[in-house]
Amino acid sequence: MEAVVTGNIRISVALVSYNGAKYLQQQLDSILGQLEQNDELLVSDDGSCDGTVPLIEEYQRRDSRVRLLAGPGQGIKKNVEHVLSKVRGQYIFLADQDDIWLAGKVERILQAFGQQGAAVIVHDAKVFAGEDSSDICMESFYAFRNSGAGIIKNIVKNSYIGCCMAFRRELLGAILPIPAQIEMHDQWIGILGDYYAGKSYFLPEPLLLYRRHGGNNSSMEHYGFWRMLRNRIVFVCCLCRRLLRK
């Protein structure tokens with residue numbers, strides 16, 4: 001499923017959307033303002049019925065870097081898999097529809113790739129509530145998640161967060177397809193990056209405003225014990241099958 005690089009595309013931003021019109025414009029503007037002409041922003045929409053698709057179509061008409069894709073309609077993991085199968089850049093940045101990239105994020109991440117030699121970079125984020133991006137309720141998402149690299153550490157307690165991740169395209173062959181049985185695609189990407197490239201690098205700088213509101217797909221609350229245990233067992237089984245296949 002690995003996409004073929006065409007042209008001289010440096011960065012692909014992979015964003016999945018679903019009924020996100022309320023906040024999407026602010027996010028698109030924060031991303032596009034940091035991309036160069038030979039970068040791309042792919043938005044895979046999974047069947048929105050609000051104004052999300054017309055909004056993306058308008059951006060696509062005005063900016064050749066924007067590409068709207070029709071998602072498979074099978075939930076967020078399959079939509080992430082779909083958009084990743086279409087990226088063409090050397091560096092893939094994951095993005096959510098309702099956050100805000102802080103100025104300098106792209107430049108700092110590319111600098112970290114060059115300095116650290118890692119396959120995956122994960123950066124910190126500030127958390128804000130609802131409408132007002134100045135209403136910061138958490139200065140460091142790292143501190144909340146006890147974030148850090150390590151395969152065992154992140155199987156026991158995942159500290160990868162997709163909206164704060166970027167990775168080299170060489171990982172696509174290992175990542176795809178994303179198992180339908182696992183709970184979180186960001187954990188899958190991060191741990192495979194640790195395994196195949198030796199490490200993921202956690203950059204202790206907040207480069208994103210992480211919006212929390214009632215419609216978030218992910219939760220900041222912990223699951224119950226039995227669900228967490230089941231998720232870890234399933235994840236390890238899927239990981240072992242993938243590693244044996246490779």
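The structure holds 12 salt bridges. A salt bridge here is a side-chain nitrogen of Lys or Arg within 4 Å of a carboxyl oxygen of Asp or Glu. This is a predicted model: local features need pLDDT of at least 70, side-chain atom pairs count only at pLDDT 80 or more, and totals for chains, interfaces and linings use all residues. Residues are numbered from 1 along each chain as its sequence is written, and side-chain values use heavy atoms, without hydrogens or water.

Three of the pairs are listed here.

| Acid | Base | N to O distance |
|---|---|---|
| Glu-36 | Arg-10 | 3.9 Å |
| Glu-131 | Lys-22 | 3.1 Å |
| Asp-63 | Arg-65 | 2.8 Å |

Burial is graded by relative accessible area: buried under 20%, exposed over 50%, partly exposed in between (1.4 Å probe, protein chains only). Glu-131 is exposed at 52%, and Lys-22 is exposed at 62%. Asp-63 is buried at 15%; Arg-65 is buried at 12%. Glu-36 is partly exposed at 44%, as is Arg-10 at 21%. Arg-10 and Glu-36 also join Asp-39 in a network of salt bridges.

Now the interior. The largest nonpolar core has 68 residues. Such a core is a set of buried Ala, Val, Leu, Ile, Met, Phe, Trp, Tyr and Cys residues joined through side-chain atoms within 4.5 Å. Leu-84 and Phe-167 are among the residues with the most contacts inside it. Beyond four places in sequence, Leu-84 is in contact (heavy atoms within 4.5 Å) with residues including Phe-167 and Ile-189.

Ser-200 is buried too, at 4%. A polar atom of its side chain lies 3.3 Å from the backbone oxygen of Gly-190.

Technical notes: Polar contact = N/O pair within 3.5 Å; in protein donor to acceptor, adjacent residues only side chain to side chain.
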